[in-house]
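Here are a few short exercises, each followed by a worked solution. Have your viewer ready and try each task before you read on.

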Amino acid sequence: GAGDEVVYAWRSFEAYPQLVIGAGARPVTVPLTSASVHDLAGLAAAVTDRTGCVVICNPNNPTGTVVTAAALEALMAQVPPTVTVILDEAYWQFDDDPASPVGIDFYRRYPNLVVCHTFSKAYGLAGLRVGYAIAPAALAEQVRKLTVPFGVTNLAQRAALASLEVQTELDQRVADLISRRQQVTSALAAQGWAIPVSRANFIWLPTGRRTAEVAAQLDQQGLTSRVFAGEGIRTSIGEEAAMETFVRLCGQLIDQFPELSQRS
């Protein structure tokens, strides 16, 4: 509420500032590192006696980067136990970095940690809007008082439960997507793109002032991406044919705009 502060990295999930301001609190943003990764030391340093919570998006949306378990451990050691740390793991199924933290393990050790998961990403139920928080009982009780009644429909609940019965299928779909992500990432790196290592189901093109021009050419090829004006473009890993078109076009774009290349 009024007078409270919420600390989070930027750029990160675009709903964070909307939700914080909507609650009457004040956003406190900490820039990502030069590698487009959360600066956890910077987040810890930004905590004051007015801080209500710290939000960590891992993998980060829209850059796809991850923090290490060791870095999160250091942050938890610095954040007062009265400050809630929210670990947003919307894309955790796609994170194949062995150094990444496992949210539920940290939750079991830290009573001020909340882990957020969703059925919108790996499970493919985005339109049904089903998600959940793994939180200490006392905090969960307070959250329930503020949730919208019947916010999750019966259809959405049934779909979420059904999706839990096909874990093998989910694992295969995620594995295929990770393989394709690695292929696309390697191809773009060979072209000269300076893109961060993504552990999500998308990649981040740091297109800067060329963002609008690059986005327009992607759109002309029927490739829909999430555009962040003046910063970059997030492109989801899709069907093989679409990604072949994407990689081919990126090769043309790096020739057209050589300043986007890490070799420039």
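Two strands count as paired if DSSP finds at least two bridges between them. Keep in mind that this is a predicted model.

**Exercise 1. Work out which strands pair with β5, and in which sense.**

Solution. Start with strand β4 (residues 84-88): 4 bridges join it to β5, and the two run parallel. For a concrete pair, look at I86, whose bridge partner in β5 is V114. Next, turn to strand β6 (residues 131-134), which pairs with β5 in the antiparallel sense over 4 bridges. Here H117 stands opposite Y132 in β6. Now trace the connection: β4, helix α4 (residues 103-109) and β5 form a right-handed β-α-β unit.

**Exercise 2. Decide why strand β5 can be called largely enclosed.**

Solution. Buried means under 20% relative accessible area. In strand β5 (residues 113-118), 5 of the 6 residues are buried, so the rest of the structure largely encloses this strand.

**Exercise 3. Find the salt bridge between R26 and E5, and say what it ties together.**

Solution. First, the distance: the two side chains meet at 2.7 Å, N to O. Second, the location: R26 belongs to strand β2 (residues 26-31) and E5 to strand β1 (residues 5-10), so the pair ties together parts 21 residues apart in sequence. Third, the surroundings: E5 is buried at 3% relative accessibility, whereas R26 is partly exposed at 46%. Finally, widen the view: salt bridges that share partners join E5, R26, D49 and R50 into one network. G52, in strand β3 (residues 51-57), is in contact with E5, V83 and T84 when its neighbours within four places in sequence are left aside.

**Exercise 4. Identify the acidic partners of R199.**

Solution. One is D96, whose side chain meets that of R199 in a salt bridge at 2.7 Å, N to O. R199 lies in the loop between α7 and β7 and D96 in the loop between β4 and α4, so this pair links parts 103 residues apart in sequence. Another is D97, at 3.9 Å, N to O.

**Exercise 5. Describe the largest nonpolar core: how many residues does it have, and which element gives the largest share?**

Solution. The core has 38 residues, and those with the most contacts inside it include W193, L218 and F246. Among the elements giving two or more residues are α6 (154-163), α7 (167-191) and α8 (211-220). The largest share, 7 residues, comes from α9. Another core, of 23 residues, lies apart from it, with V7, L40, V47 and I56 among its members.

Terms used. Residues numbered from 1 in each chain as written. Predicted model: local features only at pLDDT ≥ 70, side-chain atom pairs only at ≥ 80, totals over all residues. Heavy atoms only, no water. Contact = heavy atoms within 4.5 Å. Core = buried A, V, L, I, M, F, W, Y, C linked by side-chain atoms within 4.5 Å. Buried < 20%, exposed > 50% of the residue type's maximum accessible area, 1.4 Å probe, protein only. Right-handed = clockwise from strand over helix to strand, strands pointing away. Salt bridge = Lys/Arg side-chain N within 4 Å of Asp/Glu carboxyl O.
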